[in-house]
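Here are some exercises to work through with the structure open beside you. Try each task on your own before you read its solution.

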Amino acid sequence: MLFRSRFPAYQSLVNPKPPGFAELAKLLGKDEAFVGLYPFDRGTFVWGIGAGGKPSFHVAPLTAAEVRDLVTRLRVALDLAEAPGPAASAFDAATSHRLYRELVAPVRPALGAARVVTFATAGDLAQIPFAVLTTRPTEGAFDPAGAAWLVREAALNQIATAAAFRALRESSRRAKPAAAFFGFGDPLFGGTATPSAAASAPRKPGRGLVKVEQVQDYGTMAALPETRDEILAIAKALGADPARDVRFGAQATRAAALTAPLSDRRVIAFATHGLKPGDMPGLSRPALAMAAGASGEPPLLTLDDVLALKLSADWVVLSACNTASADGRAQEAFSGLARAFFFAGARAVLATHWAVESLSAQQLVMRTFAHQAANPGASRAE
C-alpha cells in the first residue's frame, strides 16, 4: 500500500485498471473509434465504441484455438521468410474476410464514420495487422489491387489493452521534446567498409535473418546501404540536421544509441536488421543489430537496453524485421521490442510483424514521412 501511494505512476503501468466506456469515449477524438477483442476457450468477446460513447457488444463463436489456427493460416502467405515455398504463399482471402466478418463487422455500426480505429488485440490476434483483413468476400481470382482492404476504409492502430491506450493518451499531455529527430541506419557490422563501399554492396532481400538458422559471425550480416536514404529522408521531412541527428556506419553503435540525446527527440528511427530470440547463439531476447564497436563492446541493442532508455518521443520507427514479435517468453506479439519502447516512454511505435523486404520498407517509411510533412494535420495512423 505504501509503495502504491508513493509511486502511483509505476503502479498504474504494471497493474493498470481498465477504463470504463464513458472514460474511454472521452479519450477518443471526434473521428476516432476503439475496438477490443479477447479470444477465450468458448468464443471471442468483442466490443466497439465511437466518440459518441455508445458501445456495442458481440460474442463471436470463434474460440481461442480457432483464432490461433486462422491467424497461422493467414500468416503463411504474409511471412514469406517462414513460407515453405511459393505454392503455399497464396494469400488466404477467405480467412482474411472470415476474421473481419465474425469479429469486426458485428460492432462496425457503433464505430460510425471513424477515420481512425484503434484495435486492442490479445493473444494470437496481435500477430497480424488488421490492415490485412478484407471487408468483402473475394469473387473469382484474388486481386490484391482491387481487394476491399479494411485499411482503405479507416486508418488503423493496434495496442495491447484499453488501459494502455488510456496511459498513452495521458502521456500526450507531457511537454513535447524540443528537437525533431534522431536516427540510426546502415550499421557497419564488420570490416572496414566506407560509406561509398557500402553503397555498392549487394542488397539483402530482408532486414532479418531470412532463411538462416543462426548467425555465427556477426560481421557477415549483409549491409543495408539503402537505409541511409531512408533515415536521411525522415530527417529532411522533419527539418532535422543530418550532421547532428543521424548516425551511420561505424557510428551507429549500441553505445551511441544508449548515450544519444534521445529523450529530447520527437521522432526516433532505427533502420537495420531485427533479430528474434534464437537468431544468434545465446540470444534469448529480441534485439536490433547495431554497428560492431570497440573490442568487447556488445553490438546488439537488446530489449533490456531499450527498457533502460528515457524517451518522450511521439513516434519510434523500427524499420527492421519482426519488431512486433514476441520476446521469447510471453506468447503474444507486442511483448518484445515494440512494448519495450512504450515502457521507455514512446507514444507510438511503427513496427513489423515479420521479415520485411528492404527496398519496400525503405519506400514505405520515406513516403510515410513525406506524406506527413505535406499533411501536418494527418494522424500517425493515416
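**Exercise 1: Two helices that cross**

Task: find helix 4 and helix 5, and work out the handedness of their crossing.

Solution. Keep in mind that you're looking at a predicted model. Helix 4 goes past helix 5 in a left-handed crossing. Next, get the geometry: helix 4 covers residues 64-78, helix 5 covers residues 93-104, and they pack at an angle of about 140° with their axes 9 Å apart. What do we call that? Roughly antiparallel would take an angle over 145 degrees, so helix 4 counts as oblique to helix 5.

Now look at who touches whom. From helix 4 come Leu70, Arg73 and Leu74, and they meet Thr95, Ser96, Arg98 and Leu99 of helix 5. Sorted by class, this contact has three nonpolar, two polar and two charged residues.

**Exercise 2: Another helix pair**

Task: describe how helix 8 and helix 13 pack, and sort their contact residues by class.

Solution. Start with the angle. Helix 8 (residues 226-238) and helix 13 (residues 358-374) pack at about 5°, and their axes are 9 Å apart. Angles under 35 degrees count as roughly parallel, and therefore helix 8 and helix 13 are roughly parallel to each other.

Then zoom in on the contact. Helix 8 contributes residues including Glu226, Ala233 and Leu238, while helix 13 contributes residues including Ser358, Val365 and Phe369. By class, you should end up with eleven nonpolar, two polar and three charged residues.

**Exercise 3: A five-stranded sheet**

Task: what is the strand order of the open sheet of five strands, and which strands are at its edges?

Solution. Trace across the sheet and you get the order 3-2-1-4-5, with mixed pairing. Strand 3 and strand 5 (155-159) are the edge strands, each pairing on one side only. On average, neighbouring strands here are turned by 20° against each other, ignoring direction.

Go on to the pairings. Strand 1 (residues 32-40) pairs with strand 4 (residues 116-121) in the parallel sense, over six bridges. One spot to check is alanine 33, whose bridge partner in strand 4 is valine 117. Strand 2 (residues 43-50) and strand 3 (residues 56-60) run antiparallel instead, joined by five bridges. There, glycine 48 has serine 56 of strand 3 as its bridge partner. The hairpin of strand 2 and strand 3 has five residues between the strands, and glycine 53 takes a positive phi near 95° in it.

Last step: add the helices. Helix 5 lies across strands 1, 2, 3 and 4, and runs at about 125° to strand 3. Helix 6 (residues 162-171) lies across strands 1, 2, 4 and 5, at about 150° to strand 1.

**Exercise 4: A three-stranded sheet**

Task: why is one side of strand 9 and of strand 11 left without a neighbour in the sheet?

Solution. First, the layout: three strands make an open sheet in the order 9-10-11, with antiparallel pairing. Strand 9 (274-275) and strand 11 (300-302) stand at the edges with a single partner strand each, so one side of each has no neighbour in the sheet. Now check one pairing: two bridges join strand 9 to strand 10 (residues 287-289), and glycine 274 sits opposite leucine 288 of strand 10.

**Exercise 5: Aromatic rings**

Task: how many aromatic pairs are there, counting rings whose centres lie within 6.5 Å?

Solution. The count comes to 14 aromatic pairs. To see a group of rings, pick out Phe21, Phe34, Phe45, Trp47, Phe57 and Phe165, which form one aromatic cluster.

Technical notes
Residues are numbered from 1 along each chain as its sequence is written. This is a predicted model: local features need pLDDT of at least 70, side-chain atom pairs count only at pLDDT 80 or more; totals for chains, interfaces and linings use all residues. Side-chain values use heavy atoms; hydrogens and water are left out. Axes are lines fitted to C-alpha atoms, for helices over the stretch in contact, and angles run from 0 to 180 degrees between N-to-C directions. Helices (H or I, at least four residues) and strands (E, at least two) are DSSP runs, numbered from the N terminus. Angles under 35 degrees count as roughly parallel, over 145 as roughly antiparallel, 65 to 115 as roughly perpendicular and the rest as oblique. A crossing is left-handed if the near helix is turned anticlockwise from the far one by less than a right angle, and right-handed if clockwise. Contact means heavy atoms within 4.5 Å. Ala, Val, Leu, Ile, Met, Phe, Trp, Tyr, Cys and Pro count as nonpolar, Asp, Glu, Lys and Arg as charged, and the others, Gly among them, as polar. Rings of Phe, Tyr and Trp (its six-membered ring) pair if their centres lie within 6.5 Å; planes under 30 degrees apart count as stacked, over 60 as edge-to-face and the rest as tilted. Two strands pair if DSSP finds at least two bridges between them.
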